[in-house]
Amino acid sequence: QKMAAAPPAFSYMVGPTNSLAPSAVYWAWFRVALGKRLTDGASEAGEDITEVLKDPTASGLIRTCSVLLKTPLSEAELAHLERAPVSKDWLAAMLKEAAR
């Protein structure tokens with residue numbers, strides 16, 4: 001029997017990886033890791049990373065990763081997306097940060 005991933009350790013908070021707020025640091029590193037995973041997946045699949053922005057919702061991101069990038073998200077990533085404010089602006093900022 002497959003167990004669901006634990007929910008995120010902190011409520012969503014915006015902030016940099018060097019923030020003094022633990023929740024901001026936690027979520028900043030999630031965005032960094034997910035952004036890298038998406039850019040790497042797009043590169044490996046030969047797809048333009050802007051495909052991620054075509055359906056800027058949690059379900060759209062899940063579908064894009066699974067179908068287009070051929071890299072389904074993990075249970076932990078899915079649990080985090082349920083708590084994140086996924087939108088076109090959120091995804092675009094995450095991808096911009098990953099491109100640094």
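A salt bridge is a side-chain nitrogen of Lys or Arg within 4 Å of a carboxyl oxygen of Asp or Glu. I wrote that down before starting on the structure, which is a predicted model.

**Entry 1: salt bridges**

I searched the whole structure for salt bridges and got five. I looked at three pairs, beginning with Lys-36 and Asp-40.

The closest N and O atoms of Lys-36 and Asp-40 are 2.8 Å apart, and the two residues form a salt bridge. Both residues sit in helix 1, four residues apart, which is about one turn of the helix. I noted the general rule beside this: an α-helix has 3.6 residues a turn, so residues three or four places apart point the same way. I then checked the accessibility of each partner. Lys-36 is partly exposed, with a relative accessible area of 47%. Asp-40 is also partly exposed, at 31%.

The next pair was Glu-51 with Lys-54, whose side chains meet in a salt bridge at 3.0 Å, N to O. Glu-51 has a relative accessibility of 22% and counts as partly exposed. I wanted the reason for that label, and it is the cut-off: buried means under 20%, so a residue at 22% does not qualify. Lys-54 is exposed, with 61%.

The third pair was Arg-83 with Glu-82, a salt bridge with an N to O distance of 3.8 Å. Arg-83 is partly exposed at 45%, and Glu-82 is exposed at 63%.

I added one general remark for later reading: side chains of opposite charge can pair when their charged atoms come close.

**Entry 2: helix 4**

Which residues of helix 4 are buried? I found Trp-90, Leu-91, Met-94 and Leu-95 in this helix, which covers residues 88-98. Seen down the helix axis, the buried residues fall within an arc of 130°, so they line one face of helix 4. I looked at the other side of helix 4 as well, and there Asp-89 and Lys-96 are exposed.

I then asked what covers the buried residues of helix 4. The cover includes helix 1 (22-45), helix 2 (58-68) and helix 3.

**Entry 3: helix 1 against helix 4**

Two packed helices are described by the angle between their axes and the distance between the axes. For helix 1 and helix 4 I noted an angle of about 80° and axes 8 Å apart. Helix 1 is therefore roughly perpendicular to helix 4, since angles from 65 to 115 degrees are given that description.

I listed the residues that make the contact. Helix 1 contributes Phe-30, Arg-31, Val-32, Leu-34, Gly-35, Lys-36, Leu-38 and Thr-39. Helix 4 contributes Trp-90, Met-94, Leu-95, Glu-97 and Ala-98. Sorted by kind, the residues of this contact are eight nonpolar, two polar and three charged. Lys-36 is on this list and also belongs to the salt bridge with Asp-40 from the first entry.

I also looked up Trp-29, which is in helix 1. Trp-29 is partly exposed, with a relative accessible area of 48%. Its C-alpha lies 20 Å from that of Leu-53, and the two residues are 24 apart in sequence.

**Entry 4: His-80 and Ala-84**

Is His-80 buried or exposed? His-80 is buried, with a relative accessible area of 10%. This residue is in helix 3, residues 75-81. Leaving out residues up to four places away in sequence, I found that His-80 touches Pro-8, Tyr-26, Trp-27 and Phe-30. Phe-30 is also part of the contact of helix 1 with helix 4.

Where is Ala-84? Ala-84 is in the loop between helix 3 and helix 4. Ala-84 is buried at 11%. With the same sequence neighbours left out, the residues Ala-84 touches are Tyr-12, Trp-27 and Trp-90. Trp-27 is thus touched by His-80 and by Ala-84, and Trp-90 is one of the buried residues of helix 4. For Ala-84 and Leu-68 I noted 16 residues of separation in sequence and 22 Å in space, C-alpha to C-alpha.

**Entry 5: Lys-70**

Last, I looked at the backbone of Lys-70. Its phi is near 60°, a positive value in a residue other than glycine. Lys-70 lies in the loop between helix 2 and helix 3. With a relative accessibility of 62%, Lys-70 counts as exposed.

Definitions and conventions:
Residues are numbered from 1 along each chain as its sequence is written. This is a predicted model: local features need pLDDT of at least 70, side-chain atom pairs count only at pLDDT 80 or more; totals for chains, interfaces and linings use all residues. Side-chain values use heavy atoms; hydrogens and water are left out. Helices (H or I, at least four residues) and strands (E, at least two) are DSSP runs, numbered from the N terminus. Buried means under 20% relative accessible area, exposed over 50%, partly exposed in between (1.4 Å probe, protein chains only). Contact means heavy atoms within 4.5 Å. The arc is that of the directions from the helix axis to the C-beta atoms. Axes are lines fitted to C-alpha atoms, for helices over the stretch in contact, and angles run from 0 to 180 degrees between N-to-C directions. Angles under 35 degrees count as roughly parallel, over 145 as roughly antiparallel, 65 to 115 as roughly perpendicular and the rest as oblique. Ala, Val, Leu, Ile, Met, Phe, Trp, Tyr, Cys and Pro count as nonpolar, Asp, Glu, Lys and Arg as charged, and the others, Gly among them, as polar.
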